[in-house]
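This report goes through side-chain contacts and strand pairing in one protein chain. The sequence and the coordinates come first, and the text follows them.

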Amino acid sequence: MQKTILLILFILISLSLRPQQLNNLRTKTLFPLSDTITIDTLTIVPGSEIAYTKKNAIVSDSLYTIDYVKRTIVLSKQLLEMKKGIVISYRVFPINFSKSFFTRKKEETNIVGPVMAYPNRYTGIGGESFLLDNQLDKRGSIARGITVGNNQNAVINSNLNLQISGKINNEMSILAVISDENIPIQPDGNSQQIQDFDKVFIQLYNDKTKLIAGDFMIDKPTGYFMNINKKAQGGLLNSTFNSKKNKSNSVETTIGGAVTKGKYCRKTFKGQEGNQGPYKLTGCENEQYIIVLAGTEMVYINGRLQTRGKEYDYVMDYNTGELTFTANRLITKDSRIAIEFEYSERSYARFLIYSANEIKIDRGKFWLNIYSEQDSKNQSINQDLSSEQKRLLSDSGDNIENVFVPNADSVGFRNDYVLYLHKDTIVNNVTYEIYEYSINPVQAIYRVGFNLVGEGRG
């Protein structure tokens, strides 16, 4: 009996001994008092750090340098001037690699015979390329793949993702994200911070001038008006000029021209009692299937701005345009929900011109901001309009309620298309032309497009 009791106790103790779950993720807030700060006692995992401000703005890794073995961070002059501090997240190894480990002390070891030093590694002479400059930090990946299938030939796929940051010379620095991936990957809308996978740009900058070519964000400039948050693709130039006589007098100007990546829309609706979502978003013209641009949404409940993230207020599925609220933010029938966002709209190419100017003098501060965005009426993307359809759009002006045209095209019969036949029907002694679904290869030759006009009006 005693042996049985001891055996049961041994099994219970064994089951209770589980491996300890160790988390090597560290997050610290730094308030710089000097340019060099020791941030941990363990060796930091190279490349695992992310630095950002208290407003969740990512800090470029060109503004600081980390010695992973010595656990120190060297801050630039720009970061030292930040009074609110920065937050840095990183991972650590379980040991300190800079600490000496030995089984015997050096003075206790008796060396017999000659000591052979290890030869120096051959570094080569000359011929180093631009990307091998030790002032540039290069990160990225190259992928090669083969796609095969029983209904297609073999296809070779390749993509390149390259990030470069550092100094080109003593006066100019570079920050670049280069990719040859044609299809951008939408990030998940679960976390509070989002990495823009579809952001490709080259940025050249120094203390007074910054030039961006590629994808960039246009934020609200200085001033009360023009509250914008826009994703664009083009060029942006920012420069600051100081007076030679009075250094406190300065002029900062920003000029940009780009193609907009999305169309702005604002939607308001009431919540459903006990329904956390998903709530389906539609476009400004009631488009049913839209793709929301990642990171452009601002969600308000009863006038209060909400925070994205599973552990916060809501999550967003950008590919389907669905908004879901977490348990931290309960939705009732009295919840007034408003969301501002951008979505991909591919009817026309859309161009914008942007200029923000700020003048600082001893007597005050002045600013002038200009923003203009419009469709390019001669550059349609996903549609081909006839002369008659263009005339109808031109005559309609701002009234688009009755701008509808027949959308039926004779394409011939194909097995992989949903096709219709054209015929007449009589309703209340009135003859109508209608299209009816058919699989008859002789008559089913029309491809028909539909528009949502409301329940009972189709």
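In this predicted model, lysine 365 and glutamate 358 form a salt bridge, with 3.7 Å between the closest N and O atoms. Lysine 365 has a relative accessible area of 44% and is partly exposed. Glutamate 358 has a relative accessible area of 11%, and because buried means under 20%, glutamate 358 counts as buried.

**Salt bridges**

The count of salt bridges comes to twelve. Lysine 261 takes part in one of them with aspartate 215, where the closest N and O atoms are 3.8 Å apart. This pair joins distant parts of the chain: lysine 261 lies in the loop between strand 13 (250-260) and strand 14 (263-270), whereas aspartate 215 belongs to strand 11 (residues 209-218), and 46 residues separate the two. Lysine 261 is partly exposed at 22% relative accessibility, while aspartate 215 is buried at 5%.

Another salt bridge joins the side chains of glutamate 436 and lysine 423, at 2.7 Å from N to O. Glutamate 436 sits in strand 25 (residues 430-437) and lysine 423 in strand 24 (residues 420-427); the pair links distant parts of the chain, 13 residues apart. Glutamate 436 is partly exposed at 34% relative accessibility, and lysine 423 is partly exposed with a relative accessible area of 32%. Elsewhere, Lys230, Glu342, Arg350 and Glu373 are joined into one network by salt bridges that share partners.

The three pairs described above are listed here with their values.

| Salt bridge | Closest N to O | Relative accessible area |
|---|---|---|
| Lysine 365 – glutamate 358 | 3.7 Å | lysine 365: 44%; glutamate 358: 11% |
| Lysine 261 – aspartate 215 | 3.8 Å | lysine 261: 22%; aspartate 215: 5% |
| Glutamate 436 – lysine 423 | 2.7 Å | glutamate 436: 34%; lysine 423: 32% |

**Nonpolar cores**

In soluble globular proteins, nonpolar side chains tend to be buried together. Here the largest nonpolar core has 18 residues, and the members that touch the most other members are Leu281, Val292, Met316, Leu323, Phe325, Ile339 and Phe341. At least two residues of this core come from each of strand 16 (298-301), strand 18 (314-317), strand 19 (322-325) and strand 20 (336-343). Which strand gives the most to this core? Strand 20 does, with four residues.

Methionine 316 is in contact with Gly189, Leu281, Val292, Glu322, Leu323 and Ile339, when residues up to four places away in sequence are not counted. A second core, separate from the one above, has 17 residues, including Leu42, Ala51, Leu63 and Ile88.

**Strand pairing**

Strands of a sheet pair through backbone hydrogen bonds, either parallel or antiparallel. Strand 18 and strand 19 are paired in the antiparallel sense over four bridges. They form a hairpin with four residues between them, and in the turn glycine 321 has a positive phi of about 70 degrees. Opposite aspartate 317 stands glutamate 322, in strand 19.

An open sheet is formed by three strands in the order 2-5-4, with antiparallel pairing. Strand 2 (36-38) and strand 4 (64-67) are at the edges and have a single partner strand each, so one side of each has no neighbour in the sheet. On average, neighbouring strands of this sheet are turned by 20 degrees against each other, direction ignored. Strand 4 pairs with strand 5 (residues 72-75) in the antiparallel sense over four bridges. Isoleucine 66 has isoleucine 73, in strand 5, as its bridge partner.

**Aromatic pairs**

A pair of aromatic rings is described by the distance of the centres and the angle of the planes. The count of aromatic pairs comes to six. Among them, tyrosine 224 and phenylalanine 225 are edge-to-face, with 5.2 Å centre to centre and 90 degrees between the planes. Tyrosine 224 is exposed at 70% relative accessibility, and phenylalanine 225 is exposed with a relative accessible area of 64%.

Tyrosine 435 and tyrosine 446 have ring centres 5.5 Å apart and planes at 65 degrees, so this pair is edge-to-face. Tyrosine 435 lies in strand 25 and tyrosine 446 in strand 26 (residues 446-448), eleven residues apart. Tyrosine 435 is partly exposed with a relative accessible area of 35%, and tyrosine 446 is partly exposed with 24%. Ring pairs also link Phe269, Tyr279 and Phe325 into a cluster.

Definitions and conventions. Residues numbered from 1 in each chain as written. Predicted model: local features only at pLDDT ≥ 70, side-chain atom pairs only at ≥ 80, totals over all residues. Heavy atoms only, no water. Core = buried A, V, L, I, M, F, W, Y, C linked by side-chain atoms within 4.5 Å. Buried < 20%, exposed > 50% of the residue type's maximum accessible area, 1.4 Å probe, protein only. Contact = heavy atoms within 4.5 Å. Pairing = 2+ DSSP bridges. Salt bridge = Lys/Arg side-chain N within 4 Å of Asp/Glu carboxyl O. Axes fitted to C-alpha atoms, helices over the stretch in contact; angles between N-to-C directions. Phe/Tyr/Trp six-rings, centres within 6.5 Å; stacked < 30°, edge-to-face > 60°.
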